[in-house]
Amino acid sequence: MLTIAGRKFRSRLFGGTGKFSSPEVMKEALAASGCEMVTVALRRIDLNNPVDDIMSVLDRDRYLFLPNTSGARDAAEAIRLARLARASGGGEWLKLEVTPDPRTLLPDPIETLKATEELVKEGFKVLPYMNADPILALRLQDAGAVAVMPLGSPIGTNQGVLTRFQIEIIIAQAQVPVIVDAGLGAPSHVAEAMEMGADAVLVNTAIAVAGDPVRMARAFAMAVEAGRIAYESGLGAVSKDAAPSSPEDGLGFLR
Amino acid sequence: MKVLCNGEAQEIASGIRVADYLIQLGLDASSVVVECDGKILSREEYGSHALQDGSVLELIRFVGGG
């Protein structure tokens, strides 16, 4: 069973709550995914159109909230959002995101490390979203991150695991759980990440914008489980040369 | 008196407390976090914290996100 910062998770699929067509669809899709931790964001209330509070839709006993700092462009903004999240009743868990460039939404490694150091001091359980940089993963782990969240590909792109080589090194080295996050657009992508030995994956867009988000959530859950079982079972070695799967002996009668 | 709330200038009753202001706006205090002049207020402070003329308020809540 997956343990992060002393908390156990039966499901290795974490869900996002953005981009769903309605709160009802989100609720049903998250239930179908089996996930036990969900990300949420913090935003200004639109005073002219105060929509329903997401906290009232989701059962806090069922889902651990993982507030994110999406929208933060530097450490100071991320720290401000983190403190607001805690004051909002979001708890100590935090997905730290520092993305200065709106075009790529790639995380700023230096600001992410700075913010991790500060927020760990303040008692947050920090899960930093990071580029798939093995050295940075070690630095974040040393700074007290309870898990690391390397990206498969940029947020919302559905491109899958483009960072395979680096994520393999991160998994081999990390002492904290590795959660592959971002860009996982198909069940095959999460299966690949789990087969590589990732401890968990986080999926939002691919489920939320699917034609049928509830069935897609189920497909992702199955792929996560399949990938994990395959990893635990020990995958065969990859080879350039063919190796027959039928016996080579016993063909004397043919020639 | 005037305050700046979520970037909008608002005319409000002099000395109104945060809890009453949230009720006026139709917001459930349990789901809103209030930052007043750069300082985050705890929920316990909503009932006692009186807004000042020129206060800058940010009313924030959780929304869906990834």
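**A guided reading of chains A and B**

Visitor: What makes Asn6(B) notable in the hairpin of S1(B) and S2(B)?

Guide: In this predicted model, Asn6(B) takes a positive phi near 50°. The hairpin has two residues between its strands.

Visitor: Why are S1(B) and S2(B) called paired strands?

Guide: Two strands pair if at least two bridges are found between them. Four bridges join strand S1 (residues 2–5) of chain B to strand S2 (residues 8–11) of chain B, so the condition is met. The two run antiparallel, and Leu4(B) has Ala9(B) as its bridge partner in S2(B).

Visitor: How do you know that S1(B) also pairs with S5(B), and in which sense?

Guide: The threshold is at least two bridges, and S1(B) and S5(B) have two, so they count as a pair. Their sense is parallel. Within S5(B), Leu57(B) stands opposite Cys5(B).

Visitor: What makes the side chains of S1(B) alternate?

Guide: Val3(B) and Cys5(B) point to one face, whereas Lys2(B) and Leu4(B) point to the other. A residue is called buried if 20 or more other C-beta atoms lie within 10 Å of its own. Val3(B) and Cys5(B) are buried, while Lys2(B) and Leu4(B) are not.

Visitor: How do you know which element of chain B gives the most to the side that touches chain A?

Guide: The contact takes 22 residues from chain B and 27 residues from chain A. On the side of chain B, strand S3 (33–36) and strand S5 (56–64) are the elements that give two or more residues. S5(B) gives the most, with seven residues. By class, this side has 10 nonpolar, seven polar and five charged residues.

Visitor: What makes S5(B) and strand S4 of chain A a strand pair?

Guide: Five bridges join S5(B) to strand S4 (residues 37–44) of chain A; at least two are required, so the two strands pair. They run antiparallel. Arg61(B) in S5(B) is the bridge partner of Arg43(A).

Visitor: Why is helix H7 of chain A described as largely enclosed?

Guide: Helix H7 (residues 187–195) of chain A has seven of its nine residues buried, so the rest of the structure largely encloses it. The buried residues are Pro187(A), His189(A), Val190(A), Ala191(A), Glu192(A), Ala193(A) and Met194(A). What covers them includes strand S9 (179–181), strand S10 (200–203) and helix H9 (213–233) of chain A.

Visitor: What is the phi of Gly197(A), which follows H7(A)?

Guide: The phi of Gly197(A) is positive, near 105°.

Conventions
Residues are numbered from 1 along each chain as its sequence is written. Chains are lettered from A and ligands numbered from 1 in the order in which they are written. This is a predicted model: local features need pLDDT of at least 70, side-chain atom pairs count only at pLDDT 80 or more; totals for chains, interfaces and linings use all residues. Two residues are in contact if their C-beta atoms, placed from the backbone, lie within 7 Å. Ala, Val, Leu, Ile, Met, Phe, Trp, Tyr, Cys and Pro count as nonpolar, Asp, Glu, Lys and Arg as charged, and the others, Gly among them, as polar. A residue is buried if 20 or more other C-beta atoms lie within 10 Å of its own, exposed if 12 or fewer, and partly exposed in between; C-beta atoms are placed from the backbone.
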